[in-house]
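This briefing covers the surroundings of a ligand and two annotated positions. The sequence and structure are shown first.

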Amino acid sequence: MTTKLIAPSILAADFANLQRDIEMVNKSEADWFHIDIMDGVFVPNISFGMPVLAAISRHAKKTIDVHLMITDPDRYIEDFANLGATNLTVHYEACTHLHRTLQAIKAAGMKAGVAINPHTNVDLLKDVIKDIDLVCVMSVNPGFGGQSFIENTYQKVQRLKEIIVTNNAPTLIEIDGGVTNKNAAQLAKAGADILVAGSFVFKAENQMETIKDLKTLANS
Ligand code: DX5
Ligand code: ZN
């Protein structure tokens with residue numbers, strides 16, 4: 001079995017001490033930096049944009065996993081490639097021509113991800129599954145950190161895993177929202193490959209230890 005990965009979400013970091021928090025992730029057992037970009041249109045919140053991502057990129061020593069919660073993401077694909085994104089994830093609900101968007105992300109040299117809202121059925125991805133490097137299953141409604149995990153996620157992950165296996169697709173499954181030590185093991189068992197965790201990591205007293213615990217649970 002391949003190792004399950006942990007991706008701390010920088011949305012929950014202390015922005016006044018961003019470099020300190022990035023160094024913590026660099027030193028920890030975390031695998032990826034998860035970066036949430038929100039535009040106040042696709043989701044009812046604005047997070048941060050290009051200059052902050054550029055600053056993060058200068059210090060981050062691990063995969064930069066960018067989650068775009070923005071309308072019409074095609075406008076910025078080249079920009080995110082230039083800012084150092086390794087993975088670029090767009091929302092299914094924000095893309096009229098998803099297949100074209102995925103090709104454009106890959107042509108720009110990044111891994112192509114698709115995020116799905118809690119109400120979006122995973123079967124809608126069947127026809128493009130082979131073109132997707134990463135499906136980000138939202139286990140909360142996107143827009144805010146610190147929300148409660150939606151239990152229906154386990155079923156979605158199992159079904160998505162079936163679709164991936166049936167199609168012999170290379171797609172990884174990422175879970176985003178409300179991940180804690182209570183659901184990490186079960187999510188991994190259901191088929192998740194990457195667990196994103198914001199509040200659970202950054203609100204913890206010992207953040208490095210918390211990342212390590214999540215990784216152990218995910219690989220148990
Ligand atoms: C929500 C973001 C998540 C968020 C997760 O819109 O996409 O990545 O930062 O935060 P927690 O782990 O606090 O739910
Ligand atoms: Zn996210």
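**Ligand shell**

In this predicted model, ligand 1 is surrounded by 22 residues, the closest being S9, P142, G145, G198 and S199. The points below describe that shell and then the two residues that the UniProt record marks as "active site".

Composition of the shell

- The residues around ligand 1 divide by class into 11 polar, nine nonpolar and two charged.
- At least two shell residues come from each of β2 (32–38), β8 (194–197) and α7 (199–202).

Annotated positions

- According to an unreviewed UniProt entry, the annotation "active site" covers D36 and D176.
- These two positions are spread over 141 residues of sequence, yet they cluster in space, with a largest C-alpha distance of 10.5 Å.

Setting of D36

- D36 belongs to strand β2, an element that also supplies at least two residues of the shell around ligand 1.
- D36 counts as buried because 25 other C-beta atoms lie within 10 Å, where 20 or more are required.
- Beyond its neighbours within four places in sequence, D36 is in contact with S9, L11, S47, H67 and M69. Of these contacts, S9 is also listed among the closest residues to ligand 1.

Setting of D176

- Strand β7, residues 172–176, contains D176.
- D176 is likewise buried, since 25 other C-beta atoms are found within 10 Å.
- With neighbours within four places in sequence left aside, D176 is in contact with H67, C136, M138, S139 and V196.
- H67 appears in the contacts of D36 and in those of D176.

Definitions and conventions: Residues are numbered from 1 along each chain as its sequence is written. Chains are lettered from A and ligands numbered from 1 in the order in which they are written. This is a predicted model: local features need pLDDT of at least 70, side-chain atom pairs count only at pLDDT 80 or more; totals for chains, interfaces and linings use all residues. A residue is near a molecule or strand if its C-beta atom, placed from the backbone, lies within 6 Å of it. Helices (H or I, at least four residues) and strands (E, at least two) are DSSP runs, numbered from the N terminus. Ala, Val, Leu, Ile, Met, Phe, Trp, Tyr, Cys and Pro count as nonpolar, Asp, Glu, Lys and Arg as charged, and the others, Gly among them, as polar. UniProt positions are given in the numbering used here, feature names are shortened, and annotations may be inferred rather than shown by experiment. A residue is buried if 20 or more other C-beta atoms lie within 10 Å of its own, exposed if 12 or fewer, and partly exposed in between; C-beta atoms are placed from the backbone. Two residues are in contact if their C-beta atoms, placed from the backbone, lie within 7 Å.
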